[in-house]
Amino acid sequence: MSQLPPNPTNLRGAVDLSGLVNRPPAGQGDAGGAGAGGATTGEPIELPSLFFQGTDANFNDFIDLSMRIPVVVALTASWADPDRALATVLDRVTNDLAGRIVLVQVDVDANPQLVQAFQTQSVPAVAGIVSGRPVQLFTGALPEDQVRDVIAQLLELAAQNGVTGTALVDAAAGEAPEAEADAPAPEPPLPPLHAEAYDAIDRGDYPAAIAAYKTAIAQDPRDQMAVAGLAQVSLLARLAGRTLDEIRNAAAAAPHDPDAQLAVADLDLSGGHVDDAFDRLLTLFPTLDAEGKEAVRARILEYFEIVGVDDPRVGKARARLASLLY
């Protein structure tokens, strides 16, 4: 466990799907080895807890945190007895390490994008994130001494990559700190409908988020943040409650069915396989009737918003789509 895997383009968030693309390797980027938020990786970081619930919607926060503290991710199901036993062990190990790691629990039944991102085939499964990059650790409920050994290896890997921060649990979390004279001005609040959408995403209510974004667009058709947000949360809503095997098996069984291929393209994009998603739909496009072509065209335009219109992959896909349309 001495090297990190390639850039984690398969770990994608829900609200900002572009934040994990082309993340530099550990030790590169900002001078002095600064981690997320501009602090060096060895500095203490105040957090409200050492234990968090990870979701498709909030996982970017933990990717960013892993630039400073190793993050352990436990992918579990509430109905599985081994998962409950492992959770107890991981809680104890996390407490004993006193801030050298944070633990993120992920409910596999509620978060299909993270299941895909970590390529989870069975539960419980445990992975690490160091400097924004995933590290597969183990599957199954190991004995506690073996769990401690694996986590010790993860800490060694983190140290080799300069990720040596320590979490300090802030008992006064939520209290406003005293303002400093040279402190930057606070960011302006989100527009009300955007805030409503973000709150809905955080609680997993994707239809409410979609409705909020649609209202924002109706009020201001030039609101590009709302257009991008609508595309992103619509992707989440389409994938919610579906499994990787279900989607891929349906696509393999019906290679010319637009709905099946649109679903697997959603899965590709959510897993960071942007070129695969574009190629799948653009290859399918010429074989479809007018209704199918319109559905694929609309989905590709959504993908442009999710990936970012300045991304070179979008430019290439846009040119290919134009050649098919005209």
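These legends walk through a few close-up views of a predicted model.

**View 1. The whole protein, before zooming in.** The chain folds into twelve helices and seven strands. Of its 326 residues, 45% are buried. Take the contacts between residues at least 6 apart in sequence: 71% of them join residues at least 24 apart. About 16,000 Å² of the protein is exposed, and carbon and sulfur atoms supply 52% of that area.

**View 2. An open sheet of five strands.** Read across the sheet and you get the order S2-S4-S3-S5-S6, with mixed pairing. Strand S2 (51-54) and strand S6 (133-139) are the edge strands, each pairing on one side only. On average, neighbouring strands in this sheet are turned by 25° against each other, direction ignored.

**View 3. S3 and its two partners.** Strand S3 covers residues 71-76, and strand S4 covers residues 102-107. Six bridges hold this pair together in the parallel sense. Look for Thr76, which stands opposite Asp107 in S4. S3 also pairs with S5, but here the strands run antiparallel and five bridges join them. One spot to find in that pairing is Val71, whose bridge partner in S5 is Ile129.

**View 4. S5, covered on both faces.** In a regular strand, side chains alternate between the two faces of the sheet. Here Ala125, Ala127 and Ile129 sit on one side of S5, while Val126, Gly128 and Val130 sit on the other, and all of these are buried. Six of the six residues of S5 are buried, so this strand is largely enclosed by the rest of the structure.

**View 5. The hairpin of S5 and S6.** These two strands run antiparallel and are joined by six bridges. Ala125 makes a handy landmark, standing opposite Thr139 in S6. At the turn of the hairpin there are two residues between the strands, and Ser131 takes a positive phi near 55°.

**View 6. Helix H4 and its buried side.** H4 takes in residues 144-160, which makes 17 residues. From its first C-alpha to its last, the helix reaches 25 Å, close to the expected 24 Å. Its buried residues are Val147, Val150, Ile151, Leu154, Leu155, Leu157 and Ala158. They cover an arc of only 160° around the axis, so they lie on the same side of H4. Turn to the face pointing away from that buried side and you find the exposed residues Asp145 and Gln160.

**View 7. H4 against the sheet.** Here the helix lies across three strands: S3, S5 (125-130) and S6. Compared with S6, H4 runs at about 165°.

**View 8. Two glycines after H4.** Gly162 follows the helix and has a positive phi, near 75°. Gly165 belongs to the loop between H4 and strand S7 (166-169). Is Gly165 buried or exposed? It counts as buried because its relative accessibility is 4%, and the cut-off for buried is under 20%. Glu43 is worth picking out too: its C-alpha atom is separated from that of Gly165 by 5.2 Å, although the two residues are 122 residues apart along the chain.

Methods:
Residues numbered from 1 in each chain as written. Predicted model: local features only at pLDDT ≥ 70, side-chain atom pairs only at ≥ 80, totals over all residues. Heavy atoms only, no water. Helix = DSSP H or I, 4+ residues; strand = E, 2+ residues; numbered from the N terminus. Expected span 1.5 Å × (residues − 1). Buried < 20%, exposed > 50% of the residue type's maximum accessible area, 1.4 Å probe, protein only. Arc of directions from axis to C-beta. Contact = heavy atoms within 4.5 Å. Areas by Shrake-Rupley, 256 points an atom, 1.4 Å probe, with all protein chains shown as cover. Pairing = 2+ DSSP bridges. Axes fitted to C-alpha atoms, helices over the stretch in contact; angles between N-to-C directions.
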